[in-house]
Amino acid sequence: MPESAPKPLLTIDNLKTYFFTDTGVAKAVDGVSLVVNPGETLGIVGESGSGKTMTAYSILRIVPRPGRIVAGSIRFRETDLLALREAEMNRFRGRHIAMIFQNPAFSLNPVYTIGHQLGEILQQHEGMSKRAAQERVTHLLKLVGINEPQTRVKQYPHELSGGMKQRVAIARALLCNPALVLADEPTTNLDVTIQAQILDLMQQLKEQFGMSMILITHDMGVVAQMSDRITVMYSGKICESGEAQTIFDHPQHPYTEALLSAMPRVDSPQHARTSRLPVIPGTIPSLLSPPAGCRFHPRCHYATEECQQKEPPLKRVAGDHYVACLYRGE
Ligand SMILES: Nc1ncnc2c1ncn2[C@@H]1O[C@H](COP(=O)(O)OP(=O)(O)OP(=O)(O)O)[C@@H](O)[C@H]1O
Ligand code: SF4
Ligand SMILES: [Mg+2]
(Lines give C-alpha, C1' and ligand atoms only; values in the text may rest on other atoms or scores of the structure.)
(Ligands and ions follow the chains in the order given, each with its own letter.)
Protein backbone atom coordinates (compact mmCIF):
# COMPACT_ATOMS: atom_id res chain seq x y z
CA MET A 1 0.00 0.00 0.00
CA PRO A 2 1.44 3.45 -0.90
CA GLU A 3 2.27 5.73 2.06
CA SER A 4 -0.46 8.19 1.15
CA ALA A 5 -3.25 5.59 0.95
CA PRO A 6 -5.85 6.02 3.69
CA LYS A 7 -5.85 3.39 6.40
CA PRO A 8 -8.83 1.14 5.74
CA LEU A 9 -11.72 1.35 8.15
CA LEU A 10 -12.59 -2.29 7.63
CA THR A 11 -10.36 -5.08 6.36
CA ILE A 12 -11.74 -8.53 5.67
CA ASP A 13 -9.19 -11.19 4.93
CA ASN A 14 -10.01 -14.62 3.53
CA LEU A 15 -13.38 -14.85 5.27
CA LYS A 16 -15.12 -18.21 5.18
CA THR A 17 -18.67 -18.56 6.48
CA TYR A 18 -20.12 -22.01 6.00
CA PHE A 19 -23.54 -23.53 6.67
CA PHE A 20 -23.44 -27.00 8.14
CA THR A 21 -26.76 -28.38 6.91
CA ASP A 22 -28.17 -31.92 7.00
CA THR A 23 -27.48 -32.25 3.30
CA GLY A 24 -23.92 -30.97 3.38
CA VAL A 25 -21.75 -27.91 3.87
CA ALA A 26 -22.80 -24.79 1.96
CA LYS A 27 -19.80 -22.50 1.56
CA ALA A 28 -21.82 -19.29 1.54
CA VAL A 29 -18.77 -17.04 1.86
CA ASP A 30 -15.67 -18.80 0.64
CA GLY A 31 -12.46 -16.82 0.98
CA VAL A 32 -13.69 -13.25 0.66
CA SER A 33 -11.20 -10.40 1.15
CA LEU A 34 -12.10 -6.75 0.90
CA VAL A 35 -11.41 -3.33 2.37
CA VAL A 36 -13.62 -0.36 3.05
CA ASN A 37 -11.85 3.00 3.25
CA PRO A 38 -13.00 5.92 5.38
CA GLY A 39 -15.87 7.83 3.79
CA GLU A 40 -16.38 5.55 0.82
CA THR A 41 -19.27 3.42 -0.37
CA LEU A 42 -18.41 -0.10 -1.42
CA GLY A 43 -21.11 -1.70 -3.53
CA ILE A 44 -21.44 -5.48 -3.31
CA VAL A 45 -23.33 -6.90 -6.25
CA GLY A 46 -24.18 -10.42 -7.31
CA GLU A 47 -27.04 -12.80 -7.96
CA SER A 48 -29.25 -14.29 -5.30
CA GLY A 49 -27.38 -16.70 -3.05
CA SER A 50 -23.91 -15.39 -3.89
CA GLY A 51 -23.12 -14.68 -0.22
CA LYS A 52 -23.68 -10.90 0.00
CA THR A 53 -25.89 -10.90 3.08
CA MET A 54 -23.78 -13.52 4.84
CA THR A 55 -20.69 -11.36 4.28
CA ALA A 56 -22.47 -8.47 6.04
CA TYR A 57 -23.82 -10.73 8.78
CA SER A 58 -20.31 -12.06 9.32
CA ILE A 59 -19.02 -8.52 9.94
CA LEU A 60 -21.60 -8.05 12.69
CA ARG A 61 -21.24 -11.67 13.78
CA ILE A 62 -24.94 -12.35 13.41
CA VAL A 63 -24.74 -15.34 11.06
CA PRO A 64 -27.71 -17.60 11.89
CA ARG A 65 -27.32 -21.30 12.65
CA PRO A 66 -26.37 -23.67 11.15
CA GLY A 67 -23.97 -21.07 9.75
CA ARG A 68 -20.60 -20.32 11.28
CA ILE A 69 -17.53 -18.26 10.49
CA VAL A 70 -14.87 -20.90 10.06
CA ALA A 71 -11.84 -18.90 8.94
CA GLY A 72 -10.50 -15.47 8.15
CA SER A 73 -10.18 -12.18 9.92
CA ILE A 74 -12.30 -9.04 10.10
CA ARG A 75 -10.54 -5.94 11.35
CA PHE A 76 -12.36 -2.72 12.15
CA ARG A 77 -9.74 0.00 12.64
CA GLU A 78 -7.37 -1.70 15.07
CA THR A 79 -9.88 -4.20 16.43
CA ASP A 80 -10.03 -7.83 15.41
CA LEU A 81 -13.81 -8.33 15.49
CA LEU A 82 -13.62 -12.12 15.41
CA ALA A 83 -11.50 -12.13 18.57
CA LEU A 84 -13.96 -10.07 20.65
CA ARG A 85 -16.04 -11.61 23.37
CA GLU A 86 -19.76 -11.47 22.69
CA ALA A 87 -20.32 -8.66 25.21
CA GLU A 88 -17.59 -6.58 23.56
CA MET A 89 -18.98 -7.31 20.10
CA ASN A 90 -22.36 -6.14 21.30
CA ARG A 91 -20.89 -2.73 22.04
CA PHE A 92 -19.69 -2.53 18.44
CA ARG A 93 -23.05 -3.35 16.95
CA GLY A 94 -25.06 -0.24 16.32
CA ARG A 95 -22.41 1.97 17.86
CA HIS A 96 -19.53 1.69 15.39
CA ILE A 97 -21.11 -0.51 12.73
CA ALA A 98 -24.84 -0.34 12.05
CA MET A 99 -27.01 -2.24 9.63
CA ILE A 100 -30.03 -1.35 7.55
CA PHE A 101 -31.81 -4.58 6.67
CA GLN A 102 -33.73 -5.27 3.49
CA ASN A 103 -36.82 -5.80 5.58
CA PRO A 104 -37.37 -2.94 8.06
CA ALA A 105 -39.12 -5.48 10.29
CA PHE A 106 -35.62 -6.78 11.09
CA SER A 107 -34.60 -3.34 12.32
CA LEU A 108 -37.76 -2.41 14.21
CA ASN A 109 -39.43 -4.16 17.10
CA PRO A 110 -43.21 -4.33 16.59
CA VAL A 111 -44.12 -4.19 20.28
CA TYR A 112 -42.46 -0.88 21.20
CA THR A 113 -43.16 2.61 19.97
CA ILE A 114 -40.60 4.18 17.66
CA GLY A 115 -39.55 6.68 20.33
CA HIS A 116 -39.13 4.03 22.99
CA GLN A 117 -37.04 1.61 20.96
CA LEU A 118 -34.78 4.19 19.37
CA GLY A 119 -34.36 6.07 22.66
CA GLU A 120 -33.46 2.88 24.48
CA ILE A 121 -30.52 2.29 22.13
CA LEU A 122 -29.10 5.72 22.95
CA GLN A 123 -29.63 5.25 26.66
CA GLN A 124 -27.89 1.88 26.57
CA HIS A 125 -25.07 2.55 24.13
CA GLU A 126 -24.37 6.21 24.80
CA GLY A 127 -25.52 6.47 28.43
CA MET A 128 -27.86 9.33 27.51
CA SER A 129 -30.67 10.48 29.76
CA LYS A 130 -34.17 9.60 28.59
CA ARG A 131 -34.83 13.20 27.72
CA ALA A 132 -31.61 13.74 25.76
CA ALA A 133 -32.22 10.46 23.95
CA GLN A 134 -35.73 11.53 22.91
CA GLU A 135 -34.38 14.84 21.63
CA ARG A 136 -31.80 13.08 19.48
CA VAL A 137 -34.40 10.62 18.19
CA THR A 138 -36.71 13.45 17.16
CA HIS A 139 -33.80 15.29 15.54
CA LEU A 140 -32.81 12.20 13.54
CA LEU A 141 -36.36 11.45 12.47
CA LYS A 142 -36.53 14.97 11.12
CA LEU A 143 -33.23 14.45 9.30
CA VAL A 144 -34.54 11.36 7.55
CA GLY A 145 -37.53 13.32 6.34
CA ILE A 146 -40.23 12.32 8.78
CA ASN A 147 -42.76 15.05 9.38
CA GLU A 148 -44.13 15.68 12.82
CA PRO A 149 -41.56 13.48 14.56
CA GLN A 150 -43.09 14.31 17.96
CA THR A 151 -46.22 12.45 16.85
CA ARG A 152 -44.36 9.62 15.12
CA VAL A 153 -42.33 8.71 18.20
CA LYS A 154 -45.56 7.65 19.90
CA GLN A 155 -46.50 5.31 17.05
CA TYR A 156 -45.75 1.62 16.54
CA PRO A 157 -43.94 0.37 13.41
CA HIS A 158 -47.16 -1.13 11.96
CA GLU A 159 -48.72 2.33 11.88
CA LEU A 160 -46.14 3.50 9.31
CA SER A 161 -45.93 2.92 5.55
CA GLY A 162 -43.07 0.81 4.11
CA GLY A 163 -41.12 3.88 3.04
CA MET A 164 -41.60 5.52 6.44
CA LYS A 165 -40.47 2.37 8.20
CA GLN A 166 -37.31 2.25 6.13
CA ARG A 167 -36.66 5.92 6.97
CA VAL A 168 -37.01 5.04 10.66
CA ALA A 169 -34.66 2.09 10.14
CA ILE A 170 -32.13 4.50 8.61
CA ALA A 171 -32.55 6.87 11.57
CA ARG A 172 -32.04 3.89 13.87
CA ALA A 173 -28.81 2.98 12.09
CA LEU A 174 -27.51 6.54 12.44
CA LEU A 175 -28.39 6.98 16.12
CA CYS A 176 -24.90 6.43 17.49
CA ASN A 177 -23.13 8.08 14.57
CA PRO A 178 -21.52 4.84 13.31
CA ALA A 179 -18.37 4.91 11.20
CA LEU A 180 -19.72 2.15 8.97
CA VAL A 181 -23.23 1.37 7.79
CA LEU A 182 -24.09 -1.94 6.17
CA ALA A 183 -27.12 -1.43 3.92
CA ASP A 184 -28.55 -4.70 2.61
CA GLU A 185 -30.91 -4.08 -0.31
CA PRO A 186 -32.34 -1.11 1.59
CA THR A 187 -34.81 -0.15 -1.12
CA THR A 188 -35.76 -3.47 -2.70
CA ASN A 189 -39.17 -3.69 -1.06
CA LEU A 190 -40.17 -0.14 -1.90
CA ASP A 191 -41.87 1.26 -4.96
CA VAL A 192 -39.69 3.06 -7.48
CA THR A 193 -40.43 6.67 -6.48
CA ILE A 194 -39.88 5.92 -2.80
CA GLN A 195 -36.70 3.98 -3.69
CA ALA A 196 -35.29 7.03 -5.40
CA GLN A 197 -36.10 9.25 -2.44
CA ILE A 198 -34.52 6.84 0.05
CA LEU A 199 -31.36 6.50 -2.04
CA ASP A 200 -31.03 10.27 -2.29
CA LEU A 201 -31.52 10.49 1.43
CA MET A 202 -28.87 7.84 2.12
CA GLN A 203 -26.38 9.57 -0.14
CA GLN A 204 -26.99 12.90 1.50
CA LEU A 205 -26.74 11.49 5.04
CA LYS A 206 -23.61 9.56 4.18
CA GLU A 207 -21.93 12.78 3.13
CA GLN A 208 -23.30 14.73 6.08
CA PHE A 209 -22.17 12.12 8.62
CA GLY A 210 -18.92 11.31 6.79
CA MET A 211 -19.43 7.60 7.28
CA SER A 212 -18.49 4.64 5.11
CA MET A 213 -21.05 2.30 3.66
CA ILE A 214 -21.29 -1.19 2.28
CA LEU A 215 -24.24 -1.18 -0.06
CA ILE A 216 -25.51 -4.60 -1.02
CA THR A 217 -27.75 -4.69 -4.04
CA HIS A 218 -29.01 -6.61 -7.05
CA ASP A 219 -29.47 -3.37 -8.85
CA MET A 220 -26.66 -2.32 -11.20
CA GLY A 221 -28.20 1.14 -11.52
CA VAL A 222 -28.05 1.68 -7.77
CA VAL A 223 -24.45 0.46 -7.71
CA ALA A 224 -23.51 2.84 -10.51
CA GLN A 225 -25.15 5.75 -8.78
CA MET A 226 -23.99 5.19 -5.22
CA SER A 227 -20.66 3.33 -5.13
CA ASP A 228 -17.07 4.50 -5.16
CA ARG A 229 -15.81 0.95 -5.48
CA ILE A 230 -17.51 -2.30 -6.41
CA THR A 231 -17.07 -5.92 -5.43
CA VAL A 232 -18.79 -8.47 -7.64
CA MET A 233 -19.60 -11.77 -5.94
CA TYR A 234 -20.37 -15.08 -7.55
CA SER A 235 -21.14 -18.26 -5.66
CA GLY A 236 -19.49 -17.26 -2.38
CA LYS A 237 -16.39 -15.76 -3.99
CA ILE A 238 -15.25 -12.42 -5.30
CA CYS A 239 -14.85 -12.47 -9.04
CA GLU A 240 -13.95 -8.83 -9.56
CA SER A 241 -13.35 -5.70 -7.52
CA GLY A 242 -12.16 -2.19 -8.18
CA GLU A 243 -13.13 1.43 -8.69
CA ALA A 244 -16.75 1.72 -9.83
CA GLN A 245 -15.87 3.72 -12.93
CA THR A 246 -13.16 1.26 -13.97
CA ILE A 247 -15.47 -1.71 -13.57
CA PHE A 248 -18.22 -0.08 -15.59
CA ASP A 249 -15.83 1.12 -18.31
CA HIS A 250 -13.44 -1.85 -18.43
CA PRO A 251 -14.99 -4.93 -16.83
CA GLN A 252 -12.56 -7.85 -16.84
CA HIS A 253 -14.47 -10.83 -15.51
CA PRO A 254 -16.80 -12.55 -17.98
CA TYR A 255 -19.53 -12.54 -15.30
CA THR A 256 -19.23 -8.77 -14.78
CA GLU A 257 -19.19 -8.34 -18.56
CA ALA A 258 -22.36 -10.38 -18.83
CA LEU A 259 -24.04 -8.39 -16.08
CA LEU A 260 -23.16 -5.10 -17.74
CA SER A 261 -23.96 -6.08 -21.30
CA ALA A 262 -27.36 -7.36 -20.24
CA MET A 263 -28.01 -4.15 -18.36
CA PRO A 264 -30.42 -1.71 -19.98
CA ARG A 265 -28.86 1.52 -21.20
CA VAL A 266 -28.54 3.93 -18.34
CA ASP A 267 -29.38 7.24 -19.87
CA SER A 268 -31.17 8.93 -17.03
CA PRO A 269 -30.94 8.77 -13.28
CA GLN A 270 -34.52 7.55 -13.13
CA HIS A 271 -33.69 4.74 -15.52
CA ALA A 272 -30.55 3.92 -13.58
CA ARG A 273 -32.63 3.37 -10.51
CA THR A 274 -34.88 0.82 -12.12
CA SER A 275 -32.37 -1.36 -13.94
CA ARG A 276 -32.54 -4.56 -11.94
CA LEU A 277 -29.77 -7.11 -12.01
CA PRO A 278 -30.15 -8.64 -15.46
CA VAL A 279 -30.76 -12.31 -15.94
CA ILE A 280 -27.70 -14.19 -17.14
CA PRO A 281 -28.44 -17.46 -18.92
CA GLY A 282 -27.77 -20.64 -16.93
CA THR A 283 -28.43 -21.55 -13.36
CA ILE A 284 -26.83 -20.30 -10.20
CA PRO A 285 -24.58 -23.11 -8.93
CA SER A 286 -25.45 -24.98 -5.77
CA LEU A 287 -23.23 -24.00 -2.88
CA LEU A 288 -23.41 -27.54 -1.57
CA SER A 289 -21.59 -28.91 -4.60
CA PRO A 290 -20.21 -26.00 -6.63
CA PRO A 291 -18.69 -26.69 -10.05
CA ALA A 292 -15.03 -27.68 -9.94
CA GLY A 293 -12.41 -25.23 -11.17
CA CYS A 294 -13.90 -21.83 -11.91
CA ARG A 295 -17.41 -21.79 -10.47
CA PHE A 296 -18.61 -19.68 -13.36
CA HIS A 297 -17.43 -22.11 -16.06
CA PRO A 298 -20.84 -23.71 -16.83
CA ARG A 299 -22.16 -20.26 -17.78
CA CYS A 300 -19.02 -18.70 -19.22
CA HIS A 301 -18.71 -18.02 -22.97
CA TYR A 302 -14.93 -18.22 -22.75
CA ALA A 303 -14.66 -21.40 -20.68
CA THR A 304 -11.92 -23.87 -21.65
CA GLU A 305 -11.09 -27.30 -20.32
CA GLU A 306 -8.62 -25.71 -17.95
CA CYS A 307 -11.45 -23.71 -16.39
CA GLN A 308 -13.13 -26.94 -15.31
CA GLN A 309 -10.11 -27.94 -13.25
CA LYS A 310 -8.24 -24.88 -12.13
CA GLU A 311 -9.67 -22.45 -9.64
CA PRO A 312 -8.76 -18.90 -10.67
CA PRO A 313 -7.03 -16.82 -7.98
CA LEU A 314 -7.84 -13.14 -7.58
CA LYS A 315 -5.18 -11.34 -9.65
CA ARG A 316 -4.39 -7.67 -10.02
CA VAL A 317 -5.32 -6.01 -13.29
CA ALA A 318 -3.94 -2.59 -12.41
CA GLY A 319 -3.94 -0.47 -9.26
CA ASP A 320 -6.90 -1.42 -7.14
CA HIS A 321 -8.58 -3.53 -9.85
CA TYR A 322 -8.64 -7.30 -9.26
CA VAL A 323 -10.14 -10.17 -11.21
CA ALA A 324 -10.50 -13.92 -10.66
CA CYS A 325 -10.33 -15.38 -14.16
CA LEU A 326 -7.58 -17.62 -15.54
CA TYR A 327 -7.29 -15.52 -18.67
CA ARG A 328 -7.54 -12.01 -17.30
CA GLY A 329 -5.35 -9.87 -15.09
CA GLU A 330 -1.57 -9.91 -14.68
N1 LIG B 1 -30.28 -20.20 7.16
C2 LIG B 1 -29.54 -20.82 6.25
N3 LIG B 1 -29.42 -22.16 6.22
C4 LIG B 1 -28.65 -22.79 5.30
N5 LIG B 1 -27.96 -22.14 4.34
C6 LIG B 1 -28.06 -20.82 4.31
C7 LIG B 1 -28.84 -20.08 5.24
N8 LIG B 1 -28.73 -18.76 4.96
C9 LIG B 1 -27.91 -18.68 3.89
N10 LIG B 1 -27.51 -19.90 3.50
C11 LIG B 1 -26.59 -20.22 2.40
O12 LIG B 1 -25.79 -19.09 2.14
C13 LIG B 1 -25.89 -18.72 0.77
C14 LIG B 1 -25.69 -17.24 0.64
O15 LIG B 1 -26.76 -16.60 1.23
P16 LIG B 1 -26.89 -15.01 1.26
O17 LIG B 1 -28.11 -14.73 2.04
O18 LIG B 1 -25.63 -14.41 1.73
O19 LIG B 1 -27.08 -14.68 -0.28
P20 LIG B 1 -27.32 -13.25 -0.95
O21 LIG B 1 -26.20 -13.02 -1.92
O22 LIG B 1 -27.52 -12.22 0.10
O23 LIG B 1 -28.64 -13.52 -1.79
P24 LIG B 1 -29.94 -12.59 -2.00
O25 LIG B 1 -29.55 -11.66 -3.11
O26 LIG B 1 -31.00 -13.54 -2.40
O27 LIG B 1 -30.25 -11.88 -0.72
C28 LIG B 1 -27.23 -19.25 0.33
O29 LIG B 1 -27.24 -19.52 -1.03
C30 LIG B 1 -27.33 -20.54 1.14
O31 LIG B 1 -26.63 -21.58 0.50
S1 SF4 C 1 -11.65 -18.82 -15.50
FE2 SF4 C 1 -12.55 -19.64 -17.37
S3 SF4 C 1 -14.69 -20.07 -16.84
FE4 SF4 C 1 -13.85 -18.75 -15.26
S5 SF4 C 1 -14.41 -16.74 -15.90
FE6 SF4 C 1 -12.37 -17.08 -16.69
S7 SF4 C 1 -12.69 -17.90 -18.75
FE8 SF4 C 1 -14.67 -18.04 -17.68
MG1 LIG D 1 -29.17 -11.13 0.67
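Which elements do the buried residues of α11 pack against? In this predicted model, they pack against α9, β9 (229-234), β10 (237-243) and α10 (244-249). Helix α11 itself covers residues 254-261, and its buried residues are Pro254, Tyr255, Thr256, Ala258 and Leu259. Keep Pro254 in mind, since that residue is also one of those around ligand 2.

Let's follow β10 from here. Six of its seven residues are buried, so β10 is largely enclosed by the rest of the structure. Strand β9 pairs with β10 in the antiparallel sense, over six bridges. The two make a hairpin with two residues between them, and in that turn serine 235 has a positive phi of about 50°. If you want a register mark, valine 232 stands opposite glutamate 240 in β10. Glutamate 240 also stands opposite valine 323 in β12. That second pairing, between β10 and strand β12 (residues 321-323), is antiparallel too and has two bridges.

Now for ligand 2. Around it you'll find Pro254, Cys294, Phe296, His297, Cys300, Tyr302, Ala303, Cys307, Pro312, Cys325, Leu326 and Tyr327. How does this shell divide into nonpolar, polar and charged residues? Eleven are nonpolar, one is polar and none is charged. Histidine 301 sits in the loop between α12 (269-272) and β11 (315-318). Is histidine 301 buried or exposed? It has 8 C-beta neighbours inside 10 Å, so it counts as exposed. To get a feel for distances, take histidine 301 and threonine 55: they are 246 residues apart in sequence, and their C-alpha atoms are 28 Å apart in space.

Threonine 55 takes us to the other ligand. Ligand 1 is surrounded by 16 residues, and the closest are Ala28, Ser48, Gly49, Thr53 and Met54. Two or more residues of that shell come from each of β1 (10-21), β2 (24-36) and α1 (52-60). Which element gives the largest share? That would be α1, with three residues. By residue type, the shell around ligand 1 has six nonpolar residues, nine polar and one charged.

Two of those contributors, β1 and β2, belong to an open sheet. Its four strands come in the order β2-β1-β4-β5, and the pairing is antiparallel. The edges are taken by β2 and β5 (79-80), each with a single partner strand, so one side of each has no neighbour in the sheet. Strands of a sheet pair through backbone hydrogen bonds, either parallel or antiparallel. Between β1 and β2 there are ten bridges, in the antiparallel sense, and the pair forms a hairpin with two residues between the strands. Phenylalanine 19 stands opposite alanine 26 in β2. At the other end of the strand order, two bridges join β4 (residues 67-76) to β5, and phenylalanine 76 has threonine 79 as its bridge partner in β5.

Next, have a look at helix α8, residues 192-209. Why does its length make sense? At 1.5 Å a residue, its 18 residues should span 26 Å, and the end C-alpha atoms are 25 Å apart, which agrees. In α8, the buried residues are Gln195, Ile198, Leu199, Met202 and Lys206. They cover an arc of only 100° around the axis, which puts them on the same side of α8. The spacing fits a familiar rule: an α-helix has 3.6 residues a turn, so residues three or four places apart point the same way. Turned away from the buried side, the other face of α8 carries the exposed residues Thr193, Glu207 and Gln208. What covers the buried residues includes β3 (41-45), α7 (162-174), β7 (180-184), β8 (212-217) and α9 (220-226). Just after α8, glycine 210 takes a positive phi of about 65°.

One last stop is leucine 122, in helix α4 (residues 114-126). It counts as buried because it has 22 C-beta neighbours inside 10 Å. Setting aside its neighbours within four places in sequence, leucine 122 is in contact with Met128, Ala133, Arg136 and Leu175. Leucine 122 and serine 289 are 167 residues apart along the chain, and their C-alpha atoms are separated by 45 Å.

Methods: Residues numbered from 1 in each chain as written. Chains lettered and ligands numbered in written order. Predicted model: local features only at pLDDT ≥ 70, side-chain atom pairs only at ≥ 80, totals over all residues. Near = placed C-beta within 6 Å. Nonpolar A, V, L, I, M, F, W, Y, C, P; charged D, E, K, R; others polar. Expected span 1.5 Å × (residues − 1). Buried ≥ 20, exposed ≤ 12 C-beta atoms within 10 Å, placed from the backbone. Arc of directions from axis to C-beta. Contact = placed C-beta atoms within 7 Å. Pairing = 2+ DSSP bridges.
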